[in-house]
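Thanks for coming. I will go through one model, sheets first, then a helix, then a few individual residues. Please have the viewer open.

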Amino acid sequence: MEPGRGPGALPGTEEAAGAAQGKGRVNFPFPYTPYSIQEDFMAKLYDVLEAGKVGIFESPTGTGKSLSLICGALSWLRDFEEKKKQEEARLLADEHNGQDKQQQPTSCSAEASNCQGSAGELDWITEFMQKKEEQAMVDRLKEEQIRRKKREDRLEKIRHNVQLKYASKRKRLEDDETQRLLQLSKEILSTELGSDVLEQLDHEEEELILAEYESDEEKKVGLGLEEDDDDLEEEHVTKIYYCSRTHSQLAQFVHEVQKSPFGEKIRLVSLGSRQNLCVNEEVRHLGAVQLINDRCVEMQKNKHGKKSEGEESEGKKRRVSRAVCPFYSYEQMQFLRDEVLVKVKDIEQLVALGKETKACPYYGSRYAIPAAQLVVLPYQMLLHESTRCASGIKLKDQVVIIDEAHNLIDTITCIYSAEVRGAQLCCAHSQLLQYMERYRKRLKAKNLMYIKQILYLLERFVSILGGIRCALRGTAAFCKELVIVTNRKMQFDTFFSLSLFPLLSGNVNQNPNAQSISQAGTELKSINDFLFQSQIDNINLFKVQRYCEKSLISRKLFGFVERYGATSVVKTNKEKQNMAGLQNFLLTLHQGPDKEAAIQCHPVEAEDGQPKIASPLMQIEGFLSALTNANQDGRVILNRQGTVAQSSLKFLLLNPAVHFAKVLKECRSAIIAGGTMQPVSDFREQLLSCAIGADRVVEFSCGHVIPPDNILPIILCSGPSNQQLEFTYQKRDLPQMMDEMGRILGNLCNVVPGGVVCFFPSYEYEKQVYMHWERTGLLTRLATKKKIFQEPKRANQVEQVLAEYAKCIKRCSQVGGHVTGALLFSVVGGKMSEGINFSDDLGRCVIMVGLPYPNIKSPELQEKMAYLDKTMVGPRTAGQPPSKMLIENLCMKAVNQSIGRAIRHQKDFASILLVDHRYARPSVFNKLPQWIKERTEIKPTFGLAFAALRKFHHEKKSCYGSEAS
């Protein structure tokens, strides 16, 4: 092995370091000869990371953005680690000299103290402290070197010694056999001790009772990290955190890393949610993310927690069933951690490894974070502070790369916003009230206090929506009567069936579906005004939020719902008949004339077969957490509809920068990258301006790899009948405007081969235009040239429509005939405007009908506009009101994403038609991507545009023929 280079060193370390220091150029390893724009991208990325700045990088789809990010960032990391090692070696080499000099200042200071008195004494103390700090740093470097050497040797052995893997597999088989014998023994004992088993099953309900809540202060929850293992206390490894929107995008990025020159040596770990990584089928079947999270945490507590004094004292009186996860084996997770660090794996490969090794991929991957160099994770895990902390992600002096960041502002806003419906509030109140009355004598005083506070909060929320407070207040007394009246367990289960409880209030107004609201409408309030009007300003929401997190009350409540909401499933036929009669009697007494208005709070199945969240308290916890934001950073929207059940409370985050600032202040450097980042002013003003100075922000935008003549963007100002094209809200519904658009499409379908994708501003307008063309016979005429497809509203139908669309185009290109392809009607901001690849014949022409401005009458948007006008003042606004800039930027971001669906590789070609004369306005035109803007032609008449389009597609057909198909 070469001196100074460990087994985990990245490619080209010495050569690149020399090049960087000598000629000022960097060696970027690349799997093939990079495009010049990729070289520029990597060089700029390297400079930004080296300077510790924030970069906004735009690289169109098809230009190899992912590989440029990988090779540029990892080249910088390679050089940074090499310089760090050189500096460490220098400090350790000077250690002996430092020790010799340490004694001299002491004697000199002693002599100086006799002459100079207190001044000399202070100098001596200062110098002593400096030497002490230097020595501490040297000692720390020595420890880190030992740990690093230990880790590198261990990974190298695993990488080359197959016997270790076989030994680990043999041990797993032995453990499985031991577990099988234990299970067999338990089954034999259970047949002999049937009565004891029945007693234990009866006491499973003990798990539903809240544990004693001892303090309001946060306590560390042991999740296996308390083991004394030096390997977990890694030396500080500089990392790159790469995040993107979806797991499929992350998997694609990992595959690019595997193919890159860094794929063999880089220590990469893929992080994901429990929902994606859990291999315990018992937990996975819960379906809902929150339920999986809560159940997992509870099982880890059971494994590491100690029995309380109450459990020990009661002894044989009750048996507590404490389920633990069989995959949470610390030894096996260590093995999984090392396997992850040895070879790059994506999420799917990580899950397969977890099943094979009988180790939890979720916690095993988290154990790999300290030693990892590249951490791949979804948006939510990095941007949400509490999730970031819980995952063990420390951003101090690290690099953050956020890819596909065109919707970063919206993502942060959604993460920290929350909404609850009136039906959820009432359902949570009834469930929690039943829970409290059922276990009142078993709950500790502090638990009862917090439950009553939560009940009071729910009452006030229902009241502010227009509900009747007295109806909720009367439930406790009625609940108490039920407990007294019912003696037998069957009757008790029946009365506490959660599907019936809302009907047992004795007052029809308690049903939120039956509570009509006199003053419907939308009202916006600041956080403080909402708290005062709700009369909850005297409650410490921070303590309530912490109690919900630590006590897992929503999980306990869900278990309560599962137990009593599903009792009818296991009843005998006779019991079912008795219960049915009782239910009918209760309906007769308490439902009143509105027999269709019952709330069903029991668990229901989702469309995909996964259970929905049964406890609405989980959703309400998010809303309570949102109310702890600063007053100026958000608003509460009261949406009052016809009934309380239809009404809702929503927290809207107005200032996403306050949460993103925490990321920027911790990390060394941040890269915000995407295929379409224009307009970038939103990122500067709404995300970066309050956290860092403008001089620290660097922008980079590169062109496309396609030849300039492979794209033809046209702004069309008028139609075939010389009517000016202006699809405003006032004019777009006019029959003559829709007819003009139809004539444009009819002409284009005659000259454009393959697929044509036409984007409309909304689903409603697309439906309106489609019906109009159907009545006028235009659709029939269009169908003679192109088969027509419509974008479905339901997400599960998108793949089918796209498959049929692609199949039709392929068939037409092979067979020939009058039908030359397909025409797809899509919607801006819909399922097909992002992440869909319309390459080659799938998208030879992309048409944008009008400018898709957002609905400015939306209360949320109006509040956001008012907030920006109030907070963004000064030269940053460039003479334009911030609210107007927001509207235009939202519109053009949607346009840029839609027209970016075409042109996906170097040999691709397509035309882009922007149908509205307003695209020619400078304020709009300048927000197009640079590589499109510099090639855009403005055509005042349709004749000129049609001639250019016909010539373009004729030349491309002659040049490429069927090669591009």
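Let me start with a sheet: seven strands in the order 14-15-13-16-17-12-18, open, with parallel pairing. Strand 14 (786-790) and strand 18 (937-939) are at the edges with a single partner strand each, so one side of each has no neighbour in the sheet. From one strand to the next, the twist averages 20°. On terms: helices (H or I, at least four residues) and strands (E, at least two) are DSSP runs, numbered from the N terminus. Two strands pair if DSSP finds at least two bridges between them. Axes are lines fitted to C-alpha atoms, for helices over the stretch in contact, and angles run from 0 to 180 degrees between N-to-C directions.

Before going on, the provenance: this is a predicted model, where local features need pLDDT of at least 70 and side-chain atom pairs count only at pLDDT 80 or more, while totals for chains, interfaces and linings use all residues. Residues are numbered from 1 along each chain as its sequence is written, and side-chain values use heavy atoms, with hydrogens and water left out.

Back to the sheet. Strand 13 (residues 754-760) pairs with strand 15 (residues 821-827) in the parallel sense, over seven bridges. G754 has G821 in strand 15 as its bridge partner. Two helices lie across this region, contact meaning heavy atoms within 4.5 Å. Helix 32 (residues 763-776) crosses strand 13, strand 14, strand 15 and strand 16 (845-849), at about 135° to strand 15. Helix 34 (residues 798-815) lies across strand 13, strand 14 and strand 15, and runs at about 155° to strand 15.

One residue to look at here is Q790, in strand 14. Is Q790 buried or exposed? Neither: at 32% relative accessibility Q790 counts as partly exposed, where buried means under 20% relative accessible area, exposed over 50%, and partly exposed in between (1.4 Å probe, protein chains only). Leaving out residues up to four places away in sequence, Q790 touches E766, Y770, V801, L824 and F825. The side chains of Q790 and E766 are joined by a polar contact of 2.8 Å. A polar contact is a pair of N or O atoms within 3.5 Å; within protein, one must be able to donate a hydrogen and the other to accept it, and residues adjacent in sequence count only if both atoms are side-chain atoms. Y770 is 20 residues away from Q790 along the chain, with 9.4 Å between their C-alpha atoms.

Next, another open sheet of seven strands, with the order 3-4-2-5-10-1-11 and parallel pairing. Its edges are strand 3 (268-270) and strand 11 (697-701), each with a single partner strand, so each has one side without a neighbour in the sheet. Neighbouring strands here are turned by 15° against each other on average, direction ignored. Inside it, strand 2 (residues 240-244) and strand 5 (residues 399-402) run parallel, joined by four bridges. C243 has I402 in strand 5 as its bridge partner.

There is antiparallel pairing too. Strand 9 (residues 648-653) is joined to strand 6 (residues 418-421) by four bridges, running antiparallel, and R421 stands opposite S648. Strand 8 (residues 634-640) also pairs with strand 9 in the antiparallel sense, over six bridges, with I637 opposite K650. Five of the six residues of strand 9 are buried, so the rest of the structure largely encloses this strand.

Now helix 19, residues 422-438. What span should its 17 residues give? The expected span is 1.5 Å times one less than the number of residues. That should be 24 Å for helix 19, and the end C-alpha atoms are 24 Å apart, which agrees. In helix 19, 16 of the 17 residues are buried, so it is largely enclosed by the rest of the structure.

Last, backbone geometry. Most residues other than glycine have a negative phi, and most peptide bonds are trans. The bond from Q678 to P679 is cis, with omega near -10°; P679 is in the loop between strand 10 (669-674) and helix 30 (681-688). D397 has a positive phi, near 65°, and lies in the loop between helix 17 (385-390) and strand 5. N722 has a positive phi of about 65° as well, and is exposed, at 61% relative accessible area.
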